[in-house]
Amino acid sequence: MVKVIGIDHLVVGVSNIKRSKEFYRRVLGFLGFKMTDDYGAAVGFKYDKNGLKTRFWITLADKVGRKHKHRKGEVGFHHYAFELGSRKDVDELYTKVLKPNKVKIIDRPQDFPQYGKGYYFVSFIDPDNIKLEAMVFRPDQVPKEKRRNKN
């Protein structure tokens with residue numbers, strides 16, 4: 001049987017490589033990715049920590065694709081969620097990167113109990129309207145004031 005050992009890379013098409021490179025450099029850099037490749041029309045970021053190795057690439061969309069922003073709900077890519085280690089990490093991404101850089105926020109950091117106790121996230125969009133999410137799913141990290149008392 002085949003054994004999948006990870007996700008090697010994801011490639012996202014963008015309309016403006018310079019603008020998107022700066023956006024992803026800030027966001028992915030804060031998350032621990034390093035920009036490792038820059039071929040002009042394609043830029044690669046690599047994460048190699050905590051036993052996880054993966055790459056995230058952006059590439060310039062073709063002439064037709066550059067004419068419109070991504071629309072969530074179309075066939076294809078919906079969103080990408082980065083799993084972080086703690087609620088604090090989600091909050092710091094929001095306060096130290098997203099807010100200061102005026103990134104468009106879809107959902108401010110919040111609990112999302114519909115996905116289970118301990119699911120906490122922030123969602124935002126890139127310059128081409130591609131939805132990204134930073135989340136943690138750790139029931140053991142639910143603050144005491146948000147835990148339900150079973151008594």
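Colleague: Why is E22 called partly exposed?

Modeller: The relative accessibility of E22 is 28%. Partly exposed lies between buried, under 20% relative accessible area, and exposed, over 50% (1.4 Å probe, protein chains only), so E22 belongs in the partly exposed class. The model is a predicted one, in which local features need pLDDT of at least 70 and side-chain atom pairs count only at pLDDT 80 or more, while totals for chains, interfaces and linings use all residues. Residues are numbered from 1 along each chain as its sequence is written, and side-chain values use heavy atoms, with hydrogens and water left out.

Colleague: What makes the contact of R25 with E22 a salt bridge?

Modeller: A salt bridge requires a side-chain nitrogen of Lys or Arg within 4 Å of a carboxyl oxygen of Asp or Glu. The closest N and O atoms of R25 and E22 are 2.4 Å apart, so the pair qualifies. R25 is itself partly exposed, at 40% relative accessibility. The two residues are 3 apart in helix α1, which means a separation of about one helical turn. E22 and R25 also belong, with R26, to a network of salt bridges.

Colleague: How do you know that R71 and E74 form a salt bridge?

Modeller: Their closest N and O atoms are 3.8 Å apart, and the pair therefore meets the salt-bridge definition. R71 has a relative accessible area of 47% and is partly exposed; E74, at 38%, is partly exposed as well. The structure holds 9 salt bridges. One of them joins E92 to K96, with the closest N and O atoms 3.9 Å apart, and both of these residues lie in helix α2, 4 residues apart.

Colleague: How does the reach of α2 stand against the expected span?

Modeller: Helices (H or I, at least four residues) and strands (E, at least two) are DSSP runs, numbered from the N terminus. Helix α2, residues 87–98, has 12 residues and reaches 15 Å from its first C-alpha to its last, close to the 16 Å expected at 1.5 Å a residue. The expected span is 1.5 Å times one less than the number of residues.

Colleague: Which residues of α2 are buried, and what covers them?

Modeller: The buried residues are R87, V90, L93, Y94, V97 and L98. They cover an arc of only 150° around the axis, and therefore lie on the same side of α2; the arc is that of the directions from the helix axis to the C-beta atoms. K88 and K96, on the other side of α2, are exposed. The cover of the buried residues includes α1 (17–31), β6 (105–111), β7 (119–125) and β8 (131–137), where contact means heavy atoms within 4.5 Å.

Colleague: Why is β7 described as largely enclosed by the rest of the structure?

Modeller: 7 of the 7 residues of β7 are buried, so the description follows. Y119, F121, S123 and I125 point one way from the strand, and Y120, V122 and F124 the other way.

Colleague: What makes β7 and β8 a pair?

Modeller: Two strands pair if DSSP finds at least two bridges between them. β7 and β8 run antiparallel and are joined by 7 bridges, so they satisfy the condition. The bridge partner of F121 in β8 is M135. These two strands form a hairpin with 5 residues between them, and N129 in the turn has a positive phi of about 75°. β7 also pairs with β6 in the antiparallel sense, over 4 bridges.
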